[in-house]
Amino acid sequence: MARLGIHQDFLQDLIRLERPVQQKVVDTILRFEQTAHAGAHLEKLNKIRDERLKSIRIDRKYRGIVLAPDKGDQFTLLRVDTHDEAYEWVQNRRVSVNMATGHMEIRDEASIDMTIEALTQVPTRPLKPLFHHVSDADLIRLGIDDQIRKFARMLTDVAMLEALEGRLPQIQYDVLFGLAAGMSPEDVWNDVVGSAAPEKINPDDLEAATRRMPDKVALVHGPDELMELFDKPFARWRVYLHPLQGEAALRSYSGAAQVTGGPGTGKTVVALHRARHLARQGGRVLLTTFTATLTRSLAESLRLLEADDEVLSRIDVLTVDQVARRVLDGHSGKFALLREDEEMEIWRRIVRRRDLDFSETFLREEWRQVVLAWEITGSDGYLAARRLGRGRRLGSLQRAKIWRAIAEFEQELNDRDLRTFETVCVEAARSLAERDGKPYDHVIVDEAQDLHPVRWRVLRAAVAEGPDDLFIAGDTHQRIYDNRVSLASVDIHLAGRSTRLKINYRTTEEILAWSCAMLAGEKIDDLDGRQASLSGCRSEVHGAKPELFRASTKSAELAHLAETVQSWLDAGVQPEEIGIAARSGPLAQEAAAALTRAGIAATHLTRDKDGAEGHVRTITMHRMKGLEFRCVAVIGVGANQVPAASSITPLEEDATTHWNDLQRERCLLFVACTRARERLQVSWHGEPSPFLNLASG
Ligand SMILES: Nc1ncnc2c1ncn2[C@@H]1O[C@H](COP(=O)(O)OP(=O)(O)OP(=O)(O)O)[C@@H](O)[C@H]1O
């Protein structure tokens with residue numbers, strides 16, 4: 001039976017078509033797949049360069065463009081447009097196989113030929129060729145074919161290359177752009193070409209070429225899946241998986257493994273596919289992360305991915321704290337949990353009573369980051385502790401005083417039978433470690449960068465050490481809480497079982513590059529004790545540059561926000577596809593009120609309040625994690641608001657924590673900006689935040 005693959009770019013176009021046209025596209029595709037001689041539906045086009053491109057009739061006005069291979073029965077739908085537009089597109093295009101990646105690629109062959117011709121006419125000028133430093137052998141190895149090589153050799157300036165962006169096959173353009181920017185062929189190979197080339201590439205076998213790119217061309221199984229794909233085009237991650245994503249999600253590992261990568265590279269998608277894969281094999285799976293909001297969104301996505309209730313019943317989607325509470329409820333019964341402000345009050349009383357010259361925040365962090373993180377139980381251990389990650393040097397006498405204060409705090413919790421989230425985890429980890437039977441066969445962690453060591457110990461103890469025990473997805477550039485860990489210190493050893501994803505599927509290249517520039521020069525550790533890197537993280541989708549707006553007052557900033565949101569709505573963006581992020585809850589709330597006053601329905605999202613249908617969402621930057629929007633406005637990015645002064649430890653109190661706090665605030669802004677799919681506006685009143693990348697907006 002003929003199979004029709006759907007190219008992902010086409011799916012994006014489809015969202016823009018009117019509903020009745022979408023329905024006709026679905027009908028056409030179903031008819032195509034149901035007939036024995038699928039080719040019979042296809043029309044040959046005259047005067048086109050590549051005869052393997054055929055047209056398919058959708059209705060009187062619309063045509064589809066289908067790649068029909070010379071042999072085989074796998075076809076690929078590349079485009080749907082009005083008759084004239086579709087014909088204009090196809091006329092000059094040629095499809096080929098990239099000899100480095102083995103993938104199918106499309107170029108505007110006519111424009112490239114015309115440019116070569118025009119350049120040949122220009123009298124030679126004594127300018128150095130742009131690629132004088134790159135040998136033909138390197139160009140060929142990087143997949144630059146004859147036509148593009150001829151073009152590349154004529155260039156003397158990168159602007160000439162940029163003028164043909166969108167007309168060259170994308171990978172070949174990126175290769176040349178990287179070389180022109182001074183990257184070595186090795187770096188270009190690693191960052192652009194990516195994975196190892198397939199062994200044997202047949203330049204004429206387009207069917208094999210499309211099979212090698214499941215993240216771009218998905219073969220849909222049956223009409224239901226097809227309808228669903230059209231109904232929920234944003235959930236296309238269910239069927240389009242990059243080979244690296246698929247491999248990371250489905251392979252067997254001899255022990256703990258991780259997937260890393262910059263924002264929007266599909267780490268959560270991999271975690272979801274892995275959870276389903278392991279549950280389908282009969283395993284009891286824990287899919288976990290650090291906030292209840294994120295678990296809710298994971299659970300929803302999982303239901304999109306897997307319809308079988310039996311498989312779903314084998315997957316628990318819980319925060320680590322929920323897992324720990326379940327364990328304790330099981331053997332200690334109900335217990336009282338301290339809120340953070342109540343806990344601070346106890347520390348404050350201890351500081352006053354003992355007349356200490358340390359703040360309550362310093363003591364609490366010393367307890368969390370040294371005593372709990374390193375499982376210190378006695379004064380000897382504390383006096384000898386290396387206090388990694390803490391910046392203030394402490395003499396023996398100071399340590400002794402601090403230890404007395406910590407012991408008093410722990411005693412008070414004990415006497416009053418109180419627990420904090422962390423102590424619940426400590427007890428749960430101990431209880432789990434003593435058990436022979438573990439509650440799970442596989443533990444999958446998303447947003448791993450934000451878990452405290454005590455939570456890691458719960459997870460380590462919840463699954464027996466062995467093949468496929470722990471699978472960890474995270475990106476330390478997006479760490480937005482105070483928790484740092486080296487996995488080896490909690491007995492999780494990755495031993496090189498790590499995959500780094502590089503293609504961002506959420507954001508445009510313009511938004512991604514602008515946001516990444518805010519982290520340039522920051523030294524950020526990964527979970528394995530090495531330095532993390534965003535190099536090579538890129539998006540294949542282009543769009544408008546981020547817009548920066550400086551207002552003189554807060555009300556002028558909010559008035560400008562209302563104008564921007566209105567212009568997005570006027571352009572056809574749905575209200576719920578717009579997210580407004582602010583550093584503080586009150587500012588996010590004010591933004592919702594300002595929008596409402598301007599006649600735009602808006603809701604401020606909180607732990608207990610989801611956005612209503614037809615409402616724009618305003619959210620704190622912390623709550624942006626796990627969400628994404630077509631259009632994002634980040635507001636209040638002024639020097640007085642970002643970083644938030646109250647979240648920064650004074651330099652004189654603890655220098656390391658001070659710098660860590662600043663880095664975390666910078667990462668928080670990075671997270672908020674990288675939630676935008678298509679449009680990003682960043683605004684402030686007064687002086688701009690020192691983190692802002694003012695240069696290239
Ligand atoms: N192979 C793919 N094809 C199409 N879309 C994809 C693919 N992989 C991921 N996506 C989409 O990209 C977006 C980001 O994916 P996901 O949330 O998994 O990334 P992430 O790496 O976990 O992001 P972050 O670290 O920023 O939270 C989602 O909209 C997802 O649907």
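Helix 13, spanning residues 267–280, supplies three residues to the shell around the ligand, the largest share. The model is predicted, and in it 23 residues surround the ligand. The protein buries 94% of the 630 Å² that the ligand exposes when taken alone.

**Ligand shell**

- The closest residues to the ligand are Trp237, Tyr240, Lys267, Thr268 and Glu628.
- By residue class, the shell comprises seven nonpolar, nine polar and seven charged residues.
- Domain 3 (241–329 + 425–517) and domain 5 (544–685) each contribute at least three residues to the shell around the ligand.

**Polar contacts with the ligand**

- The side chain of Lys267 places an N or O atom 2.7 Å from an oxygen atom of the ligand.
- For Thr268, an N or O atom of the side chain is 2.8 Å from an oxygen atom of the ligand.
- A nitrogen atom of the ligand has a polar side-chain atom of Gln245 at 2.8 Å.

**Overall fold and dimensions**

- The secondary structure of the protein consists of 27 helices and 24 strands.
- The radius of gyration is 28 Å, which agrees with the value near 26 Å for a compact globule of 697 residues.
- The C-alpha trace extends over about 90 × 60 × 55 Å along its principal axes.
- Buried residues account for 54% of the 697 in the protein.

Methods
Residues numbered from 1 in each chain as written. Predicted model: local features only at pLDDT ≥ 70, side-chain atom pairs only at ≥ 80, totals over all residues. Heavy atoms only, no water. Near = heavy atom within 4 Å. Polar contact = N/O pair within 3.5 Å; in protein donor to acceptor, adjacent residues only side chain to side chain. Areas by Shrake-Rupley, 256 points an atom, 1.4 Å probe, with all protein chains shown as cover. Helix = DSSP H or I, 4+ residues; strand = E, 2+ residues; numbered from the N terminus. Nonpolar A, V, L, I, M, F, W, Y, C, P; charged D, E, K, R; others polar. Domains from an automatic or database assignment. Rg over C-alpha atoms; globule rule 2.2 N^0.38 Å. Buried < 20%, exposed > 50% of the residue type's maximum accessible area, 1.4 Å probe, protein only.
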